[in-house]
Amino acid sequence: MDISNSFYSNWATSEEPNYYLYVSKKDTLLSALKAQRKFKYFGFNLKEAKKSKRFYDEKQFSTLLYKTYGTSAAQLSNHLLSYSVESVSFIVFHEAIHQHIRINTKLPYSLTEAMCDIIGNYASLAIFKQNIELNKIKVKEQIEKIEDVSLEINKLLNNFKLHKNEITTDKVELIKKIQNLKDNKDKFLNERYNYEINNAYLLRNTSYTKHYFKLKKLLIVTDNLKEFIQFMIMLPTEESECISEINKKIEILSKSID
């Protein structure tokens with residue numbers, strides 16, 4: 001993959017997480033930020049991030065102030081290295097694909113994050129034989145947890161499309177999945193998913209989960225990580241055209257398998 005020379009070899013200038021603010025109206029899953037940007041990025045500046053969140057909260061918007069120690073800048077921190085080996089592996093592959101995509105294509109954001117999660121999961125699984133510290137069972141367990149949460153998020157997304165209202169009782173199962181991550185001390189996954197579940201939460205996660213399982217099916221029928229990546233970076237720049245090409249590829253490869 002095309003990654004920077006400093007990829008996870010330099011330390012971040014702060015042990016603080018990176019802060020991202022997602023904002024939506026309470027009756028939509030569209031970004032309410034200027035030019036419908038996906039998020040506002042504040043780097044390590046928690047004070048400014050909280051100030052901006054309060055501004056949108058007061059205007060009755062739905063907000064999510066998301067924090068993460070893994071970004072496409074691919075820098076080290078003590079907190080990042082406190083995660084389990086399988087979690088670090090997922091993050092490294094996820095961010096490597098971000099850098100690879102940035103250099104090679106203009107893949108729609110709605111597919112970029114899903115692709116990064118697919119590679120984060122299944123490249124980690126593919127290398128377990130070459131790395132004695134990567135436990136196959138633990139990698140599989142992490143994949144299962146990510147996919148369980150993703151399924152529940154997709155259920156909420158589909159329900160929202162049907163009813164066009166703010167999430168209420170239908171988030172119970174997702175809350176249970178997230179509580180399970182907390183109870184089992186899955187540090188990285190708990191920090192990734194454990195936030196108030198509102199419209200801004202769905203706004204953030206839709207790019208990760210909406211097309212995840214379609215891309216998983218594509219990887220299964222392709223049966224080769226390298227070929228999967230090569231196909232993805234050749235896709236068009238429009239989401240609908242991408243999905244059309246992916247569906248065609250799945251159909252062709254499925255017939256060849258049969």
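This section describes the strands, nonpolar cores and pockets of a predicted model.

Strand β1, residues 18-24, and strand β3 run antiparallel and are joined by 7 bridges. Within this pairing, Y20 has Y66 of β3 as its bridge partner. Strand β3 spans residues 62-68, and 6 of its 7 residues are buried, so the strand is largely enclosed by the rest of the structure. The segment before β1 contains N5. This residue has a relative accessibility of 84%, and because the cut-off for exposed is over 50%, N5 counts as exposed. Although N5 and I197 are 192 residues apart along the chain, a distance of 38 Å separates their C-alpha atoms.

In soluble globular proteins, nonpolar side chains tend to be buried together. In this model, the largest nonpolar core consists of 33 residues, and L174, Y193 and Y201 have the most contacts inside it. Two or more residues of this core come from each of β1, β3, α2 (85-104), α4 (136-163), α5 (172-183), α6 (187-193) and α7 (199-209). The greatest contribution is that of α4, with 6 residues. When neighbours within four places in sequence are set aside, L174 is in contact with V149, E152, I153, L156, I197 and Y201. A second core, separate from this one, has 32 residues, among them L125, L215, F228 and I246.

Pockets were also examined. The largest pocket holds about 540 Å³ of space. Its lining is made up of 27 residues, and those nearest the centre are Y20, T71, S72, E95 and H98. Elements that supply two or more residues to this lining are β1, β3, α2, α3 (109-126), α6 and α7. Helix α2 provides the largest share, 7 residues. Sorted by class, the lining of the largest pocket comprises 13 nonpolar, 9 polar and 5 charged residues. Residue Y20 thus links two parts of this description: Y20 is the bridge partner of Y66, and Y20 is also among the residues nearest the centre of the largest pocket.

The second largest pocket contains about 370 Å³ of space. It is lined by 16 residues, of which L29, L30, K38, T206 and K210 are the closest to its centre. At least two lining residues come from each of α3, α4 and α7. Helix α4 gives the most to this lining, with 4 residues, and α4 also gives the most to the largest nonpolar core. By class, 5 nonpolar, 7 polar and 4 charged residues line the second largest pocket.

Technical notes: Residues are numbered from 1 along each chain as its sequence is written. This is a predicted model: local features need pLDDT of at least 70, side-chain atom pairs count only at pLDDT 80 or more; totals for chains, interfaces and linings use all residues. Side-chain values use heavy atoms; hydrogens and water are left out. Buried means under 20% relative accessible area, exposed over 50%, partly exposed in between (1.4 Å probe, protein chains only). Two strands pair if DSSP finds at least two bridges between them. A nonpolar core is a set of buried Ala, Val, Leu, Ile, Met, Phe, Trp, Tyr and Cys residues joined through side-chain atoms within 4.5 Å. Contact means heavy atoms within 4.5 Å. On a 1 Å grid over the protein atoms alone, a cavity is a set of points where a 1.4 Å probe fits but cannot get out, and a pocket is an open set with protein on both sides within 12 Å along at least five of seven lines; lining residues have an atom within 4 Å of a point. Grid points are joined across faces, edges and corners, and a volume is the space filled by probe spheres set on the points. Ala, Val, Leu, Ile, Met, Phe, Trp, Tyr, Cys and Pro count as nonpolar, Asp, Glu, Lys and Arg as charged, and the others, Gly among them, as polar.
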